[in-house]
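Me: I should like to learn how to read a few features of a protein model, beginning with burial. Could you take me through them one at a time?

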Amino acid sequence: RTVKVGKEAFGYVGFGESFSTANLVSIGERAFISAKGIKHLRVENTLEECGGGAFSEIDGLRTIYYNAPNLRPIADAYYNSPFNRSSLDSITIGKDVTYIPENFFRYQSSVSSLTFEPRPSSVSLQIDEGAFQNCKGIRSLVLPDTRTALGSNAFDFCTALQSVRLGNGTENIDVKAFNACNLKFIDVPTSVVSIGEDALYRSYG
């Protein structure tokens, strides 16, 4: 059975430590704002719509496992990402994800661990504009060996980012994808065909 959760439906409500979006197809704006008790969140493959600030201001939220390949873009994510003002430590991107929406994890400055699950080479990956912008705690990045495109500002101002390994199959690195990082090492595979303006501008420490 699939369920739609409306705007602010569970704001300030208490939950157990682990929460899954299994069977949810749509989550409205600020649906779980300041929900109490959630530490570990699984965003599952049934989810197709997620409103701005859906899981915002959850002080105890520490980890997210994100595996929603059919999630559509969020209209106001630039100012109101789903996890706005939460306190994440770790993000894991599941093997089924083909698209990370624009500004989806933007401003998660406390995140120190970003992991991509191994995936079949046939499953492509688009990391959209600003998806991880201002995630200032990430120190290293290893992208999967599959056809990958990095949108503009994808990792812009990730100021602790020192080591990047782009997977074999990475094709496009868009404008300012790694602007204002602190890179000491980056592995760019021969599969890359396009590097945009200012892609690594001000990025070597």
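Reply: Buried means a relative accessible area under 20%, and exposed means over 50%, with partly exposed in between. Please keep in mind that this is a predicted model. Cysteine 158 has a relative accessible area of 0%, so cysteine 158 is buried.

Me: Is cysteine 181 buried or exposed?

Reply: Cysteine 181 has a relative accessible area of 7% and is therefore buried.

Me: How many disulfides does the structure hold?

Reply: A disulfide is a covalent bond between the sulfur atoms of two cysteines. To count as one here, the two sulfur atoms must lie within 2.5 Å. The structure holds 0 disulfides. For cysteine 158, the closest cysteine sulfur belongs to cysteine 135, and at 5.2 Å it is too far for a bond. Cysteine 181 is likewise in no disulfide, the nearest cysteine sulfur being that of cysteine 158, 5.3 Å away.

Me: Where is threonine 21 placed, and which residues does threonine 21 touch beyond those up to four places away in sequence?

Reply: Threonine 21 is in the loop between β2 (18-20) and β3 (24-27). With a relative accessibility of 0%, threonine 21 counts as buried. Leaving aside residues up to four places away in sequence, threonine 21 touches Ile27, Leu41, Arg42, Val43, Glu44, Thr46 and Phe55.

Me: How should salt bridges be read, and what does the count come to?

Reply: The test is a side-chain nitrogen of Lys or Arg within 4 Å of a carboxyl oxygen of Asp or Glu. By this rule there are 11 salt bridges. One of them joins the side chains of arginine 72 and glutamate 48, at 3.8 Å from N to O. Arginine 72 lies in the loop between β6 (63-66) and β7 (90-93), and glutamate 48 in the loop between β4 (40-43) and β5 (49-50), so the pair ties together parts 24 residues apart in sequence.

Me: What other partner does arginine 72 have, and where does that partner lie?

Reply: Arginine 72 also meets glutamate 49 in a salt bridge, at 2.8 Å from N to O. Glutamate 49 lies in strand β5, so this pair ties together parts 23 residues apart in sequence. As for accessibility, arginine 72 is partly exposed at 39%, glutamate 48 at 33% and glutamate 49 at 35%.

Me: Which residue forms a salt bridge with arginine 62?

Reply: The partner is aspartate 89, with the closest N and O atoms 3.7 Å apart. Arginine 62 lies in the loop between β5 and β6 and aspartate 89 in the loop between β6 and β7, so the pair ties together parts 27 residues apart in sequence.

Terms used:
Residues numbered from 1 in each chain as written. Predicted model: local features only at pLDDT ≥ 70, side-chain atom pairs only at ≥ 80, totals over all residues. Heavy atoms only, no water. Helix = DSSP H or I, 4+ residues; strand = E, 2+ residues; numbered from the N terminus. Buried < 20%, exposed > 50% of the residue type's maximum accessible area, 1.4 Å probe, protein only. Contact = heavy atoms within 4.5 Å.
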